[in-house]
Amino acid sequence: MLGTFLKLATTQVIEILGAIGYDFVVIDQEHAPLDRSTTDMMIFAARASNVAPIVRVGDSSDANILSALDCGASGIMVPHVATIERAEAIARACRYRGGNRGFAGLTRASGWGLVGSVQHMAMQDNGVTCIAMIEEAEAVDRADDIARIDGIDALFVGRGDMTASFGDDPGAGAKVAELTAKVAAAARDTGVPLMLLASGKADLAFARDLGARAILVSSDHGFIRSAATAALADYRG
């Protein structure tokens, strides 16, 4: 599956991505000024455009996760999951049964009450994806244990933060590739899907070789920048 990050507070971009054929989008509350109302409209647009909406939360409190899920998010992506305790907490926040997700019967997630409460809870527990972002070296060492937690449905390797943690180390790229391979091995061993952001065709091949089953490509910001840069160069000749 192919998706992209969304940082612009707009619905039209999502409609375009749906028309093109993207499988999913990640609405990025962590690195963009997207409040609850904006996120709600972006989730609505994604569902209407047949694109699965995942919300990367900046605030991983139970209340914020609940808000995104009630608005109809298909999944939650949580940054910096470096401990077993944090992974268990976000898994509980995403689930009714065995978790602590608060119940509301009249939401977009419940089809505005068109399904009964028991069916709604079962459908959500079976359909919502809880994604843990592995971004620190200590998280890599615990990736196998994190992936085995009931309710953790996928691992996303945050290679940007990993790379930044090495500063100006010229060997950062090789070290991050090694850490990424370790997370991929943990995902394979536990049968949990692996997600990666690919920076280009060569990196896409690397991600596929590691077994990544969901790959992100750029972002709305990135698409605008690259297209605008290419157009400017072309027209200036």
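Visitor: Where is Ser218 found?
Guide: Ser218 sits in strand S8, residues 214-219. Helices (H or I, at least four residues) and strands (E, at least two) are DSSP runs, numbered from the N terminus. This is a predicted model, where local features need pLDDT of at least 70, side-chain atom pairs count only at pLDDT 80 or more, and totals for chains, interfaces and linings use all residues. Residues are numbered from 1 along each chain as its sequence is written, and side-chain values use heavy atoms, with hydrogens and water left out.

Visitor: What is the phi of Ser218 near?
Guide: The phi of Ser218 is near 55 degrees, a positive value in a residue other than glycine. Ser218 has a relative accessible area of 29%, so this residue is partly exposed. Buried means under 20% relative accessible area, exposed over 50%, and partly exposed in between (1.4 Å probe, protein chains only).

Visitor: And Asn50, what is its phi near?
Guide: Asn50 has a phi near 60 degrees, again a positive value in a residue other than glycine. Asn50 is placed in the loop between helix H2 (36-48) and strand S3 (52-56).

Visitor: Is Asn50 buried or exposed?
Guide: Asn50 counts as exposed because its relative accessibility is 69%.

Visitor: Back to S8 for a moment. Which residues does Thr4 touch?
Guide: Ser218 is one of them, and the others include Leu216, Val217, Ser219, Asp220 and Phe223. Thr4 also touches Leu17, Tyr22, Phe24, Val25 and Val26. That list leaves out residues up to four places away in sequence, and contact means heavy atoms within 4.5 Å. Thr4 itself lies in strand S1, residues 2-6.

Visitor: What does the side chain of Thr4 reach?
Guide: The Thr4 side chain reaches the backbone nitrogen of Ser219 at 3.3 Å. Thr4 counts as buried, since its relative accessibility is 0%.

Visitor: New topic: how many helices and strands are there overall?
Guide: The protein chain has 11 helices and eight strands. Its radius of gyration is 18 Å, close to the 18 Å that the globule rule gives for 237 residues, so the chain is as compact as a globular protein of that length. That radius is taken over C-alpha atoms, and the globule rule is 2.2 Å times the number of residues to the power 0.38.

Visitor: What box do the C-alpha atoms fill?
Guide: Roughly 60 × 45 × 25 Å, taken along the principal axes. Of the 237 residues, 46% count as buried. Among contacts between residues at least 6 apart in sequence, 61% join residues at least 24 apart.

Visitor: Let's go to Thr180. Where is that one found?
Guide: Thr180 is in helix H9, residues 172-190. Thr180 is buried, because its relative accessible area is 0%.

Visitor: Which residues does Thr180 touch?
Guide: Not counting residues up to four places away in sequence, Thr180 touches Val157, Arg159, Leu196, Phe206 and Leu210. A polar atom of the Thr180 side chain also lies 2.7 Å from the backbone oxygen of Val176.

Visitor: Arg159 caught my eye. What joins the side chains of Asp203 and Arg159?
Guide: A polar contact of 2.6 Å joins those two side chains. A polar contact is a pair of N or O atoms within 3.5 Å; within protein, one must be able to donate a hydrogen and the other to accept it, and residues adjacent in sequence count only if both atoms are side-chain atoms. Asp203 is in helix H10, residues 201-209, and counts as buried because its relative accessible area is 14%. Leaving aside neighbours within four places in sequence, Asp203 is also in contact with Leu197 and Ala198.

Visitor: Which residues of helix H3 are buried?
Guide: In H3 (residues 62-70), they are Asn64, Ile65, Ser67, Ala68, Leu69 and Asp70. Those buried residues pack against H2, S3, strand S4 (75-78), H4 and H5. After H3 comes Gly72, with a positive phi near 110 degrees.

Visitor: Last one, from H4: what does Arg92 touch?
Guide: Arg92, found in helix H4, touches Gly98, Gly99, Asn100 and Arg101, not counting residues up to four places away in sequence. Arg92 counts as partly exposed, as its relative accessibility is 37%. Gly98 lies in the loop between helix H4 (84-93) and helix H5 (117-127), and counts as exposed because its relative accessibility is 76%.
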